[in-house]
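Got a few minutes to walk through a fold together? Have the viewer open and follow along.

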Amino acid sequence: MLTQAPKGTRDILPSEIHKWQYVERVFADICKSYGYREIRIPVFEHTELFQRGVGDTTDIVQKEMYTFLDKGGRSITLRPEGTAGVVRSYIEHGMSSLPQPVKLYYNISAYRYENIQKGRYREFHQFGVEAFGSKGPSIDVEIISMLNMFFEKLGLKNVSLNINSIGCPKCRRAYNDKLKEFLSPILKDLCDNCNARFNRNPLRIIDCKEDRCKKLTAEAPALIDNLCEECREHFEGLKAGLDNLNINYNVDKGIVRGLDYYTRTVFEFVSSNVGTQGTICGGGRYDGLVEICGGPSTPGIGFALGVERLLLEMDSQNISIPEPEGAYIFIATIGEKADRYAERLVYQLRENGISAEKDVMDRSLKAQMKYADKLGVTYTVVLGDEEIESNRAVMRNMKSGEQKDVSLDSILDRLKNNL
Ligand code: HAM
């Protein structure tokens, strides 16, 4: 127990961190070029925020949240996603008075008590963006195009974009009646969860993961066929924008999304490679959420992308990410005087951004050289009493085998200037 990470969590080890840092960098660069600014939100929030924001008929709120009472008796929940926290922050910091749209991005861990599978964990990571204040479809196109560009820059192939519209409260009301009419005769054959959701949020039933429910609801009326005029126009605008940028998409009437806050546009980027968890990224518009959470009526849209799933997908497509270079130079020493000199020299080198190592294990010279070899350094220098006295030493290029007799004072300049 003590030496095993809790189920559903995993360490990101030094041997793989370069992959994380690489995708983080590419994502941040794209966000910057699109004018999105980073926001960092707390790992935990008041439970009520997620109950209201994510919605208390969702699987996330009903089954998956890490909720506990803190020592002050407050109900606290580890964030199962980022949108609700970002919305809370938007309201708390009066961001509605800033020039709109307010465009934010984040890189967070998130927590859901889920059954573990490949690509599905209890602690996972998301890159996400949220844009507030714009109600037309242009911002939907912008947000989706960011993802398209991200996958392109990473060299990812075969990731398909599925889009749908789940309407606004106006068309949803009329649709719900139609849906209930369809569901009523089969209700007794649906799972308990679906039955419980029938009156409060029948749309959730279409997203039930149980096989029998999926089969029985396959022919249910789709929201997209029952949109009001404004929602239909919005969806047409989205499609025209995607066409304009040559971004391929499929209209998938079945996308409902697992969170309650969505209105109008919803979308997912899906791959067949990430095991059963093919959805790398999901998002959509949430025009009512800011108000539901206590803020002024403000349209919003965003997405979140599962970083673990992204890396799994990149791995399965054999996209290699170059590992960073290790130490550049190793200063091997014999005796205390040389060791003191090396201490100062590696400090200076490091100060100048050159990755340098010296012995800190009291190793013999032979063992130091073996270690330097394992580190894969480009240069080695051996210092003993003689070298310190004469102020000269041999600098050996381990890659080419070339050796140079150099003055000790010149080592820093040589490396700095690549001589
Ligand atoms: P979501 O669909 O719940 O949406 O999650 C987004 C992505 O997070 C998923 O597509 C998946 O890649 C990843 N993900 C979710 N759960 C897990 C898990 N247990 N293990 C590994 N990866 C997982 C949201 O979270 C919304 N906040 C997205 C959004 C932002 N909508 C608007 N703005």
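What follows is a chat between a visitor and a guide about this predicted model.

Visitor: Let's start with charges. How many salt bridges does the structure hold?
Guide: The model is predicted, so side-chain atom pairs count only at pLDDT 80 or more. A nitrogen of Lys or Arg has to come within 4 Å of a carboxyl oxygen of Asp or Glu. On that basis the number of salt bridges is 28.

Visitor: Take D315 and K19. How many residues apart are they?
Guide: The closest N and O atoms of D315 and K19 are 3.7 Å apart, and the two form a salt bridge. D315 belongs to helix α12 (residues 307–316) and K19 to helix α1 (residues 17–33), so the pair links distant parts of the chain. Their separation in sequence is 296 residues.

Visitor: Is D315 buried, partly exposed or exposed?
Guide: Buried would need under 20% relative accessible area, and exposed over 50%. K19, its salt-bridge partner, comes out at 27%, which is partly exposed. D315 has 47% relative accessibility, so it counts as partly exposed.

Visitor: And R74, which residue does its side chain meet in a salt bridge?
Guide: The N to O distance in this one is 2.9 Å. R74 is partly exposed at 46%, and its partner is partly exposed at 24%. That partner is D70.

Visitor: Now D287 and R285: are they buried or exposed?
Guide: These two form a salt bridge, with the closest N and O atoms 2.8 Å apart. Buried means under 20% relative accessible area. D287 and R285 are both buried.

Visitor: Which residues do salt bridges with shared partners join into one network?
Guide: Look for charged side chains whose salt bridges have partners in common. Salt bridges of that kind join four names into one network: R204, D207, K209 and D260.

Visitor: On to strands. How many residues of strand β6 are buried?
Guide: Strand β6 covers residues 123–132, which makes ten residues. It is largely enclosed by the rest of the structure, because most of them fall in the buried class. The buried count is nine of the ten.

Visitor: Which strands pair with β6, and in what sense?
Guide: Strand β5 (residues 102–111) pairs with β6 over ten bridges, and there Y106 stands opposite G128. Strand β11 (residues 300–306) pairs with β6 over seven bridges, with F303 as the bridge partner of V129. So β6 has β5 and β11 as partners, and the sense in each case is antiparallel.

Visitor: Which residue in β14 is the bridge partner of I331?
Guide: Strand β14 (residues 379–383) is mostly covered, with four of its five residues buried. Strand β12 (residues 329–333) pairs with β14 in the parallel sense over five bridges. Within β14, the partner of I331 is V381.

Visitor: And in β15, what is the partner of Y379?
Guide: β14 also pairs with strand β15 (residues 392–397). That pairing is antiparallel and runs over three bridges. The bridge partner of Y379 is N397.

Visitor: Time for rings. How many aromatic pairs are there?
Guide: Ring centres must lie within 6.5 Å to make a pair. By this rule the count is 14.

Visitor: F27 and Y105 form one of them. What kind of aromatic pair is it?
Guide: The centres are 5.9 Å apart and the planes meet at 80 degrees. F27 lies in helix α1 and Y105 in strand β5, so the pair ties together parts that are 78 residues apart in sequence. F27 and Y105 are both buried. Since planes over 60 degrees apart count that way, the pair is edge-to-face.

Visitor: What relative accessible area does Y286 have?
Guide: Y286 pairs edge-to-face with Y261, at 5.7 Å centre to centre and 70 degrees between the planes. Y261 is buried at 5%. Y286 is buried too, and its value is 1%.

Visitor: Which residues do ring pairs link into a cluster?
Guide: F27 and Y105 turn up again here. The full cluster is F27, Y105, F127, F150, F151, F269 and F303.

Visitor: Last one: over which ring does the charged end of R122 sit?
Guide: Elsewhere, the charged end of K180 sits over the ring of F198, 5.7 Å from its centre. For R122 the distance to the ring centre is 3.9 Å. The ring belongs to Y113.

Methods. Residues are numbered from 1 along each chain as its sequence is written. Side-chain values use heavy atoms; hydrogens and water are left out. Helices (H or I, at least four residues) and strands (E, at least two) are DSSP runs, numbered from the N terminus. Buried means under 20% relative accessible area, exposed over 50%, partly exposed in between (1.4 Å probe, protein chains only). Two strands pair if DSSP finds at least two bridges between them. Rings of Phe, Tyr and Trp (its six-membered ring) pair if their centres lie within 6.5 Å; planes under 30 degrees apart count as stacked, over 60 as edge-to-face and the rest as tilted. A charge sits over a ring if NZ of Lys or CZ of Arg is within 6 Å of the ring centre and within 35 degrees of the ring normal.
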